[in-house]
Amino acid sequence: MKLHVKYDIHAAGKAILKEQLELAGLSYKAINFGEVELINPVSPEKLAALNENLKTYGIEIFNDQKTDIIQKTKDVIVEMVNSDENLPAVKVSAYIAQRVNYSYGYLAALFSEVTFTSIENFIILQKIERVKQMILEGDLTLTEIAFKLHYSSVAHLSAQFKKTTGLTPTSFLSIIKKRRANNIH
Amino acid sequence: MQLDTYQILLADDDEIDRLFFKDAINELKIECNLITVNDGVQLMNYLKQKDITLPHLLFLDINMPRKNGMKALEEIRADERLKDLSIAIYSTSSSKKDVEEALLKGANIYINKPNDFEHLKKILFKAIKLNWQYHTSGLNKENFILSI
């Protein structure tokens, strides 16, 4: 007797991953697009054992050096943007290159290739995210925020904000406040 | 971008707009899997199925028969399983009032449908990239708002 079967490879892969992670006693936050976000760090031995089990299903954990470099670059940028200390005396590009320990030219090219965004755009995105948080916290005026985040003026901040989000800081704040009042999200 | 495939869902009743959108997506550098539905009822029926992969980004036309985009948006945001979907309202209107209403109802992105193909490609690319950043860089999705 013939059975006709169709299968969703994504769903199957995800189900196997979940099962194996649970068997290994590893808690995870999310399984997305070929990535598993574990809550706690794992020993190399445990990782190797997990990998062996997964291999029988044709699933393999791989160490992607490029991804590590990109992640490190992002981490450095996020830390830099969110730090309350003044920016280091060297240029941002030199700072990043130094912290990640690769030439800036290489990092810029790699970053664009993998993320389809430039490092500069990523920095701007992170800065604007911080501006959003600060606006919502409400402790500082827009001028104070601009000063704290090293914008040359409020106008500069507003322009970059509008360029990145399509909205002015004031419109943004108004929308979030109204959403919260209506209890959306 | 490191991903299997980016899943996009488009709800639009206009066949030409759907084709336009599909062509634009195909010309982008990013690997996308596009699914289209023709109105709000089809959309909700599709999303309510338990076994589908939820889209990474949903593009929602406002003016659709049977159930329009705004109504669908409200229903999605009220649904426990669907409420965290990234949603872009895709509309011919550029009125400030419509933009605000869409964002207030919980849309993440408001797109004013361009007539120019190259422009559409740019806009879609921007929306997809930004949405991807929110997925991967631990940013607060509550603050994800983009109007283009």
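Here is a short walk through the cores and two unusual loop residues of this predicted model.

Start in chain B. Select L60(B), I87(B), A88(B), I89(B), A107(B) and A127(B): these have the most contacts inside the largest nonpolar core, which has 41 residues. Now add helix α5 of chain B, residues 117-136. That helix supplies 7 residues of this core, the largest share.

Next, zoom in on I87(B). What does I87(B) touch, leaving aside residues up to four places away in sequence? Show L58(B), L60(B) and L73(B), then I76(B), A107(B) and N108(B), and you have the set.

Time to hop over to chain A. Pick V81(A), I96(A), F111(A) and L125(A), which are among the 22 residues of a second core, separate from the one you just left.

Now for the backbone oddities. Most residues other than glycine have a negative phi. Stay in chain A and click on N101(A), in the loop that runs between α4 (92-100) and α5 (104-115). N101(A) isn't a glycine, yet its phi is positive, near 70°. Is N101(A) buried or exposed? Exposed, because just 9 other C-beta atoms lie within 10 Å and the cut-off for exposed is 12 or fewer.

Last stop: back to chain B and R66(B). You'll find R66(B) in the loop between β3 (57-61) and α3 (69-78). R66(B) is another non-glycine residue with a positive phi, about 70° here. R66(B) has 13 C-beta neighbours inside 10 Å, so this arginine counts as partly exposed.

Conventions
Residues are numbered from 1 along each chain as its sequence is written. Chains are lettered from A and ligands numbered from 1 in the order in which they are written. This is a predicted model: local features need pLDDT of at least 70, side-chain atom pairs count only at pLDDT 80 or more; totals for chains, interfaces and linings use all residues. A nonpolar core is a set of buried Ala, Val, Leu, Ile, Met, Phe, Trp, Tyr and Cys residues joined through C-beta atoms within 7 Å. A residue is buried if 20 or more other C-beta atoms lie within 10 Å of its own, exposed if 12 or fewer, and partly exposed in between; C-beta atoms are placed from the backbone. Helices (H or I, at least four residues) and strands (E, at least two) are DSSP runs, numbered from the N terminus. Two residues are in contact if their C-beta atoms, placed from the backbone, lie within 7 Å.
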